[in-house]
Amino acid sequence: MGIHTVLLTGDNEITARAIAAQAGVDEVVLDVSGAIRLSRAVIKNIHENLFWAFFYNVIGIPLAAGCYVAAFGWSLNPMFGAAAMGLSSFCAVSNALRLNFLKIHDSGRDKKVKNPVWGNLISKAGQEKAKEVDESAIKAAVEEAGYEYVGIIA
């Protein structure tokens with residue numbers, strides 16, 4: 001039919017590949033939760049770097065331009081301005097390198113879902129009173145994401 005099917009799962013690799021083989025799925029993408037953790041850490045890091053760059057520039061640029069000379073008598077030697085600019089870049093790069101220490105497989109700091117929805121496709125061991133998920137809701141979500149809905153594989 002020319003349809004490329006993808007199984008996107010947070011399940012373990014052996015189970016995911018076995019299910020994909022039985023269902024005829026072309027590609028298996030694992031560890032979605034790790035990718036989400038990494039993307040959140042990157043966005044947080046970008047915000048931190050933008051904050052410190054803004055703070056640095058609000059103080060440093062008027063100081064280098066001599067705007068504080070009349071009010072406070074402050075001036076900045078160009079040599080110190082160049083050193084401060086280099087230090088600013090060093091701090092931004094060092095902050096970004098902290099991402100190397102991120103434990104993307106550690107779910108201990110994840111936000112907990114208050115009211116999880118359990119259904120036939122999404123189940124958890126020991127979850128006895130699972131709420132049934134209406135297939136039309138799944139179809140609407142899949143089509144809203146831009147994919148073609150073909151049905152639930154039993």
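A residue is called buried when its relative accessible area is under 20%, exposed when that area is over 50%, and partly exposed in between, with a 1.4 Å probe and protein chains only. By this rule N45, at 5% relative accessibility, counts as buried. The structure is a predicted model, in which local features need pLDDT of at least 70 and side-chain atom pairs count only at pLDDT 80 or more, while totals for chains, interfaces and linings use all residues. Residues are numbered from 1 along each chain as its sequence is written, and side-chain values use heavy atoms, with hydrogens and water left out.

The protein has 5 helices and 2 strands. Helices (H or I, at least four residues) and strands (E, at least two) are DSSP runs, numbered from the N terminus. Along the sequence they follow the pattern β-α-β-α-α-α-α. Of the 154 residues in the protein, 9% are buried. About 12,700 Å² is exposed, and carbon and sulfur atoms supply 63% of it; accessible areas come from the Shrake-Rupley method with a 1.4 Å probe, and for residues only the protein chains shown count as cover. A contact means heavy atoms within 4.5 Å. Among contacts between residues at least 6 apart in sequence, 34% join residues at least 24 apart.

Helix α2 covers residues 32-65. The buried N45 lies in this helix. Leaving aside residues up to four places away in sequence, N45 touches N95, A96, R98 and L99.

R98 also takes part in a salt bridge, that is, a side-chain nitrogen of Lys or Arg within 4 Å of a carboxyl oxygen of Asp or Glu. The structure holds 1 salt bridge, in which the side chains of R98 and E48 meet at 2.7 Å, N to O. R98 lies in the loop between α4 (78-97) and α5 (135-144) and E48 in helix α2, so the pair ties together parts that are 50 residues apart in sequence. Both ends are partly exposed: R98 has 46% relative accessibility, and E48 has 23%.

Helix α2 also carries aromatic residues. A pair of aromatic rings is described by the distance of the centres and the angle of the planes. Rings of Phe, Tyr and Trp (its six-membered ring) pair if their centres lie within 6.5 Å; planes under 30 degrees apart count as stacked, over 60 as edge-to-face and the rest as tilted. The whole structure has 6 aromatic pairs. The rings of F51 and F55 have centres 6.4 Å apart and planes at 20°, so this pair is stacked. F51 and F55 are 4 residues apart in helix α2, about one helical turn. F55 is partly exposed, at 44% relative accessibility. F55 also pairs edge-to-face with W52, at 5.8 Å centre to centre and 90° between the planes. Ring pairs thus link F51, W52 and F55 into a cluster.

W52 is exposed, at 52% relative accessibility. The C-alpha atoms of W52 and C91 are separated by 9.0 Å, with their positions 39 residues apart along the chain. C91 is partly exposed, at 41%, whereas C67 is exposed, at 53%. The structure holds 0 disulfides (a disulfide is a pair of cysteine sulfur atoms within 2.5 Å).

On the surface, L38, V42, I43, I46, L50 and L102 form a nonpolar patch with about 470 Å² of accessible area together. Patches are made of residues with over 30% relative accessible area and no salt bridge; like charges are joined within 9 Å, nonpolar side chains (Val, Leu, Ile, Met, Phe, Trp, Tyr) within 5 Å. I46, one of the patch residues, is partly exposed, with a relative accessible area of 40%.
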